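Student: I'd love a close look at one part of this model, the place where the ligand sits. Could you walk me through it?

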Amino acid sequence: MEKQKLKFPDGFLWGAATSAHQVEGGNKNDWSEWEKANAKRLAEEAPKKHADWQVKKFPEMLTPENYISGAACDYYNRFEEDFDIAKSLSHNAHRFSIEWSRIEPEEGKFDEQEIEHYRKVIKAVLARGMEPFVTIWHWTNPLWLAEKGGPENRKFAFYFARYAKFVVEKLGEDVKFWITLNEPTSVIAAAYSTGYWPPQKKNPIVALKVYKILAKAHNQAYREMKKINSDWKVGFSNILQYIEPNDEHNLLDKLSVKVTNYFSNQKFLNLVGSNQDFLAVQYYFHKKIKFPFKQTNENKTRTDMGWEIYPEGIYHLIKNLQKYNLPIYITENGLADVDDTKRDKFIKDHLKWTHKAISEGVDVRGYFHWSLLDNFEWDKGFWPRFGLVEIDYKTLERKIRPSAREYAKICQENMLKIEAENLDLT
Ligand code: FCB
């Protein structure tokens with residue numbers, strides 16, 4: 001069958017992402033303590049929270065062990081092996097995060113040995129010809145800070161900027177791209193609006209306060225970092241949802257879309273303003289909304305998480321970002337798919353729509369699949385399998401999934417080859 005060739009811009013960055021708490025193992029922070037205190041409850045509640053097919057397919061969700069990150073993927077010790085795999089898959093970039101609780105285990109006391117560890121990690125990324133994208137905060141807080149209320153504490157911005165400054169001063173020599181905060185709105189939503197993540201505070205007033213504090217934390221860190229080195233590219237990663245009205249002629253549906261769009265996609269960007277050098281987009285969700293806030297998605301194809309697969313959404317989101325006139329990196333996009341039957345198509349379809357935006361002038365410069373490895377998916381634990389690489393959690397053996405090899409071809413050729421019949425973008 002004839003193939004269309006969709007070429008990506010020269011120098012396009014191709015890779016995958018991870019975060020410290022989800023892969024490293026051996027962390028002691030607010031999440032690790034919450035996991036131990038809540039594992040039994042989460043296992044008991046699993047059948048209520050998941051569809052029957054999920055419970056059947058992933059019985060491990062019924063066991064407390066599933067909810068304790070513990071040794072995770074032991075990436076802390078095996079990162080070289082993991083980067084060898086990424087290199088063998090033709091990645092030319094890698095996104096990972098630094099664990100705050102390792103760097104500043106006690107308030108104001110910074111651990112040089114842990115800095116040395118991350119220096120080795122960065123060197124190992126570079127030695128394999130990959131560009132490091134370093135996230136400074138991917139949700140976990142050191143215990144001393146959690147005790148003070150984490151991002152609810154008005155001094156959070158000060159603490160975060162001080163930690164960020166320490167990290168970039170020590171590690172900045174070889175890094176160009178920094179992500180201050182990962183998906184602040186996810187934390188606001190899950191920890192403070194709906195209240196199922198630590199510290200489980202369901203309180204809209206606190207949620208609004210945390211919005212401001214996290215934005216201030218980013219802004220303060222951004223300014224201090226740019227003072228140290230104005231060549232660094234600094235941004236925050238933003239989870240963007242593609243939101244549509246259930247009925248495009250219904251004014252109330254449209255109003256609900258406006259409100260949801262504002263809180264999910266817009267508010268944080270507004271608070272950050274010009275304190276960003278690129279837009280880091282993370283795309284997982286499409287929502288069709290019927291007034292007031294009822295979701296009416298058809299959910300034709302779903303991931304193991306039950307999340308709808310809707311590749312077209314990425315196109316609309318990044319087109320809409322064109323007005324900011326900033327380079328765009330897709331710093332996360334992926335799915336839980338233990339059977340690896342959907343991942344290949346998922347990646348290609350999202351890239352196809354990304355390419356369409358690029359061909360219409362949107363300045364997208366990179367794509368990081370979530371994730372390089374299967375990992376610890378927060379309050380869901382280990383059962384969701386997001387990795388290009390499968391992890392056997394008993395032996396910690398790594399196994400490259402077939403879809404990862406398909407993605408590798410795209411990375412290597414800087415091009416997506418796709419059957420003409422699959423190119424329908426109307
Ligand atoms: C994103 C998070 C990432 C991972 C994926 C599935 O929202 O940034 O850590 O949990 O979702």
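Student: How far is an oxygen atom of the ligand from an N or O atom in the side chain of Glu-183?

Tutor: Happy to take you through it, with the reminder that this is a predicted model. The separation you ask about is 2.5 Å, between an N or O atom in the side chain of Glu-183 and an oxygen atom of the ligand. Glu-377 also places a polar side-chain atom by the ligand, 2.7 Å from an oxygen atom. For Gln-22, a polar side-chain atom lies 2.7 Å from a ligand oxygen atom. As for cover, the ligand on its own has 290 Å² of accessible area, and the protein covers 96% of that.

Now for the shell as a whole. Besides Gln-22, Glu-183 and Glu-377, the residues surrounding the ligand include His-138, Trp-139, Asn-182 and Gln-282. Tyr-284, Glu-332, Trp-370, Trp-378 and Phe-386 belong to the surroundings too. Sorted by class, the shell holds five nonpolar, four polar and three charged residues.

Trp-370 deserves a second glance. Besides being one of the residues around the ligand, Trp-370 is joined to Ser-371 by a cis peptide bond, with omega about 15°. Ser-371 itself is in the loop that runs between strand E10 (364–370) and strand E11 (389–391). Trp-370 is thus listed in the shell and takes part in the cis bond.

Tyr-284 and Gln-282, also from the shell, lead us along the chain to another cis peptide bond, the one between Phe-291 and Pro-292, where omega is about -5°. Pro-292 is found in the loop between strand E7 (279–290) and strand E8 (294–295).

Glu-183 offers a similar route along the chain. Helix H9 (184–193) and helix H10 (204–228) are linked by a loop that contains Gln-200. Gln-200 has a positive phi of about 55°, although Gln-200 is not a glycine.

To sum up the ligand site, look at Gln-22, Glu-183 and Glu-377 for the polar side-chain atoms by the ligand oxygen atoms, and at Trp-370 for the cis bond to Ser-371.

Definitions and conventions:
Residues are numbered from 1 along each chain as its sequence is written. This is a predicted model: local features need pLDDT of at least 70, side-chain atom pairs count only at pLDDT 80 or more; totals for chains, interfaces and linings use all residues. Side-chain values use heavy atoms; hydrogens and water are left out. A residue is near a molecule or strand if one of its heavy atoms lies within 4 Å of it. A polar contact is a pair of N or O atoms within 3.5 Å; within protein, one must be able to donate a hydrogen and the other to accept it, and residues adjacent in sequence count only if both atoms are side-chain atoms. Accessible areas come from the Shrake-Rupley method with a 1.4 Å probe; for residues, only the protein chains shown count as cover. Ala, Val, Leu, Ile, Met, Phe, Trp, Tyr, Cys and Pro count as nonpolar, Asp, Glu, Lys and Arg as charged, and the others, Gly among them, as polar. Helices (H or I, at least four residues) and strands (E, at least two) are DSSP runs, numbered from the N terminus.
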